[in-house]
2 protein chains.
Amino acid sequence: MIDDFTGRSPSRFALLIFSALILLFTLLFSLPIASSSGTSTPLADAFFTAVSVICVTGLSTVDMATHWSIVGHILVYIGVQIGAVGVLTLASILGMVISRRLGLRAKLMAASDSNPMRGHRGPVAEGQAVRLGEIGSLLATVALSLVVIEVAIAILLFPRMIIDGVPLGDAIWHSFYYSAMAFTNTGFTPNAEGLGTFANDYWFLSTLMLGVFLGALGFPVIYALKRHLFRTRFWSLHVKLTLVTTLILLFLGAGAFALLEYDNAKTFGSLNASDTVFQSIFLSMMTRSGGFASIEIADLNGSSLLVADMLMFIGGGSASTGGGIKVTTLAVIFLAALAEAKGSPDMEAFGRRIPPDVLRVALSVVLWGATIVALSCIILLQMTKAPLDHVLFDVISAFGTVGLSTGLTGELDNPAKYVLAMTMFLGRVGTVTLAAAVAASTTTRLYRRPEERPIVG
Amino acid sequence: MIDDFTGRSPSRFALLIFSALILLFTLLFSLPIASSSGTSTPLADAFFTAVSVICVTGLSTVDMATHWSIVGHILVYIGVQIGAVGVLTLASILGMVISRRLGLRAKLMAASDSNPMRGHRGPVAEGQAVRLGEIGSLLATVALSLVVIEVAIAILLFPRMIIDGVPLGDAIWHSFYYSAMAFTNTGFTPNAEGLGTFANDYWFLSTLMLGVFLGALGFPVIYALKRHLFRTRFWSLHVKLTLVTTLILLFLGAGAFALLEYDNAKTFGSLNASDTVFQSIFLSMMTRSGGFASIEIADLNGSSLLVADMLMFIGGGSASTGGGIKVTTLAVIFLAALAEAKGSPDMEAFGRRIPPDVLRVALSVVLWGATIVALSCIILLQMTKAPLDHVLFDVISAFGTVGLSTGLTGELDNPAKYVLAMTMFLGRVGTVTLAAAVAASTTTRLYRRPEERPIVG
Ligand SMILES: [K+]
Ligand SMILES: [K+]
């Protein structure tokens, strides 16, 4: 029982920190000085914005570019950095706790010097809390990566802004703002017209994609790549699974979007072949959880919206700024089905065997995600009577902290705003804390019940 | 390799029989004598009807009550019986093969005299084909159950028809027709106006529900209940899981429908409390895969449609006339998540431990089902540009062989009819044959790869 409490404390700690940050930013966004009109922002909108910023989602119930004052914009900028670092760190801490516990439980964990979460292994007692020093060290590493990558992305964006005639001050601010919004996978734009003039700029969009891609890989993968970029034999299974699944989803998604939208006059219909391919890849990447849009989402065909729903539900990498059930979760489930089809007793990938208890965690995460999305959809459908394609898209966008919208989010009543905010919150901290909570608790029993096999399927 | 072929032969046999039956009935429905107009029915409609009848789905692209002649109606009546018996038998045979193989593989299968699939255990060689005599005996038992139950249901319906003033000849024919459509979970009605005058008749609707309920439980459960109706200690885990999950879903669904529809003027808005409760239970039961409707499906709120989608996707019991991923599949996945949350090493239910390989089969079935539904939805959305709620509903109705429709199916173009027919076919034979195919094939390997644990969630 006591073991249960200490074991679950990291996930409770995460929930507490997130809730406190959201309340703080709700307060800050409510201040008259934060809005461009100089009046206090309504509570529902301030709360929704705070959740969207701290959970690096990018959905909004107000016009983000025009509603906020300079103070408001700076709050957004700081908020997404805190949200991203916090998310990465907490997720990493939780991941560390999971690795440790599972490692202890399984007593089989192979050494892997490319995964930072493996660096802290050693003989620790079950239920031992993560030491404060470790958290500090992890936080510093994560923050440093974030600064380095964001500055690099900003440097890539800046000359383009200057060439396009953006004034120097705006160019600097917008470069850093876009960079932060890309790497943290938030997706707000500083201009009222969204990506506007940059919507067809290959250099600009490619740089944004790079930022989103790195952010969505997750800290363990970034860390591994930093140490062993070209020495793939040092890559851990997690790194390989994340990269391969991310790339497969990217190109499958892009192919589907190109196929379904090439003759849609409202979206890619007027583009030539190479522009269609590029914009399809951009759209596919943004559903990973970036949230920038170079087209109106509501103009997409229903079929493309459904493809986007699936991609957004899957989301980014573990311990990343991306949301969703995570690419490795999907990979594990797919590997399980593959093993079953082959009649193989083990799940295998890249010459490694994945222990079966990982499948149970993956399944719990999917069940949890599907339940949140289904309940949120049912409630919002009943509240708004809006069409299912729009409700499902915006709900999954919230759950996966993607931030793309069909326009529904901007038209919600106050109660519906709270429902969607709760969806973002659960989507962001939910699956991670759940995974931690379930992995950290262990029931020991001295006997096993007799086995019996139901028929399934 | 040879073991692989013989092991998979039952599922290939099932596919072959189903395909042959569908082609035969396509031919028969194409004959001028089968239609009330005396002209040949277009191929797409004849094929769709044949698939719908043999897969006991109940969706239609023509007005079933008026389009067909008496010969056509008799073909439908015979077709659903063959489809139901065939489905039950083939599913049972496949289930038997699975039980055997898994039993051999696990070498742990507990004796359970209440499951007919367990009656054939014994020392059999891996890959041994099911003997023809066993198929015959199983077929006879299934056909007998079907006749006994359908006659009983018809006897319950008949006096009501007479009281309601239906002419004697019609009353007899309609009693047997409704009975067959209920127990086989097909859901066609003999009248042009659907349930019409019976839409508020408690006795009539309750009898239909009883038929649908028994059909959707599945043959192994019916068999067990026949032998040990009131001796629950003889019930196998499969029987208990099926009954409990079915009842939980029935009442959860009914509660959701009552809550979401009680103030919908087009559906339950004008009903009093007890009628609302009764109609909610009826609707919930019909999504199990019965397919009768006492209201217009398109009048339901979007939220209720989504609830219905979820219920239809789950479907009925294993080796039943119901479709979907099956209630035990859901139960196993839920039990796995529960075990994970409790930190328990084993999935447990009713004092029994469920071996972990059952989870992998369940997961494969769900992944297979979700893939079929997603692909079918994307294709039909692109073909029809119809709203997602209608497309999703009719696709899941087809996959789960439910037969309820928002009206979309009746308006499809010919190519779309074939897509939906394929969805019915895959939904009906797909999960069962997949389950058989995956369980029947075994890869043996002399070494195991080193273990490594990716991060999920
Ligand atoms: K985002
Ligand atoms: K049906």
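**A potassium site and its surroundings in a predicted model**

The site of the potassium ion (ligand 2) is irregular, with angles of 64 to 154° among its six donor atoms. For comparison, the ideal angles for six octahedral donors at a metal are 90 or 180 degrees. The site belongs to a predicted model, and every value below is computed from that model.

Which protein atoms serve as donors of the potassium ion (ligand 2)? They are the O atoms of B:Thr57, B:Asn185, B:Thr186, B:Ser289, B:Thr401 and B:Val402, which lie 2.3 to 3.0 Å from the ion. Along the chain, these donors follow the spacing T-x127-N-T-x102-S-x111-T-V. The pair B:Thr57 and B:Thr401 links distant parts of the chain, the two residues being 344 residues apart. B:Thr57 is placed in the loop between α2 (43–54) and α3 (64–67) of chain B, whereas B:Thr401 is placed in the loop between α14 (388–399) and α15 (414–440) of chain B. Burial is found at both positions: B:Thr57 has a relative accessible area of 0% and is therefore buried, and B:Thr401, with a relative accessible area of 0%, is buried too.

One of the donor residues, B:Thr186, also takes part in a side-chain interaction: a polar contact of 2.6 Å joins its side chain to that of B:Thr184. B:Thr184 occupies the loop between α6 (168–183) and α7 (202–217) of chain B. With a relative accessible area of 0%, B:Thr184 is buried. Apart from neighbours within four places in sequence, the residues in contact with B:Thr184 are B:Val56, B:Val80, B:Gln81, B:Ala84, B:Leu146, B:Glu150 and B:Thr321.

Attention now turns to chain A. Its secondary structure comprises 15 helices and two strands. Of the 457 residues in chain A, 61% are buried. Among the contacts in chain A with a separation of 6 or more, 73% are between residues 24 or more positions apart.

A:Thr409 offers a local view of this chain. The residue sits in the loop between α14 (388–399) and α15 (414–440) of chain A. Is A:Thr409 buried or exposed? Its relative accessible area is 2%, and A:Thr409 is therefore buried, since the limit for burial is under 20%. The side chain of A:Thr409 forms a polar contact of 2.6 Å with the side chain of A:Asp394. When neighbours within four places in sequence are set aside, the contacts of A:Thr409 are A:Phe48, A:Leu59, A:Ser60, A:Thr61, A:Asp394 and A:Leu420.

Two further residues of chain A deserve mention for their backbone. Most residues other than glycine have a negative phi. A:Ser289, which is not a glycine, has a positive phi of about 155°. This residue, A:Ser289, is found in helix α10 (residues 273–290) of chain A, and its relative accessibility of 0% makes it buried. A:Lys326 is likewise not a glycine and has a positive phi of about 85°. A:Lys326 lies in the loop between α11 (302–314) and α12 (327–342) of chain A, and it is buried at a relative accessible area of 1%.

Finally, a pair of helices brings the two chains together. The axes of helix α13 (residues 356–384) of chain A and helix α11 (residues 302–314) of chain B come within 7 Å and cross at roughly 155°. Angles over 145 degrees count as roughly antiparallel, and α13(A) and α11(B) are therefore roughly antiparallel to each other. In this pairing, A:Ala374, A:Cys377, A:Ile378, A:Leu381 and A:Gln382 of α13(A) meet B:Gly302, B:Ser303, B:Leu306, B:Val307 and B:Met310 of α11(B).

Methods:
Residues are numbered from 1 along each chain as its sequence is written. Chains are lettered from A and ligands numbered from 1 in the order in which they are written. This is a predicted model: local features need pLDDT of at least 70, side-chain atom pairs count only at pLDDT 80 or more; totals for chains, interfaces and linings use all residues. Side-chain values use heavy atoms; hydrogens and water are left out. Donors are N, O and S atoms within 2.8 Å of the metal (3.2 Å for Na, K and Ca); water is not among the atoms, so sites may look incomplete. Four donors count as tetrahedral if all angles lie between 85 and 135 degrees; four count as square planar and six as octahedral if opposite donors are over 155 degrees apart and all others between 65 and 115; anything else is irregular. Helices (H or I, at least four residues) and strands (E, at least two) are DSSP runs, numbered from the N terminus. Buried means under 20% relative accessible area, exposed over 50%, partly exposed in between (1.4 Å probe, protein chains only). A polar contact is a pair of N or O atoms within 3.5 Å; within protein, one must be able to donate a hydrogen and the other to accept it, and residues adjacent in sequence count only if both atoms are side-chain atoms. Contact means heavy atoms within 4.5 Å. Axes are lines fitted to C-alpha atoms, for helices over the stretch in contact, and angles run from 0 to 180 degrees between N-to-C directions. Angles under 35 degrees count as roughly parallel, over 145 as roughly antiparallel, 65 to 115 as roughly perpendicular and the rest as oblique.
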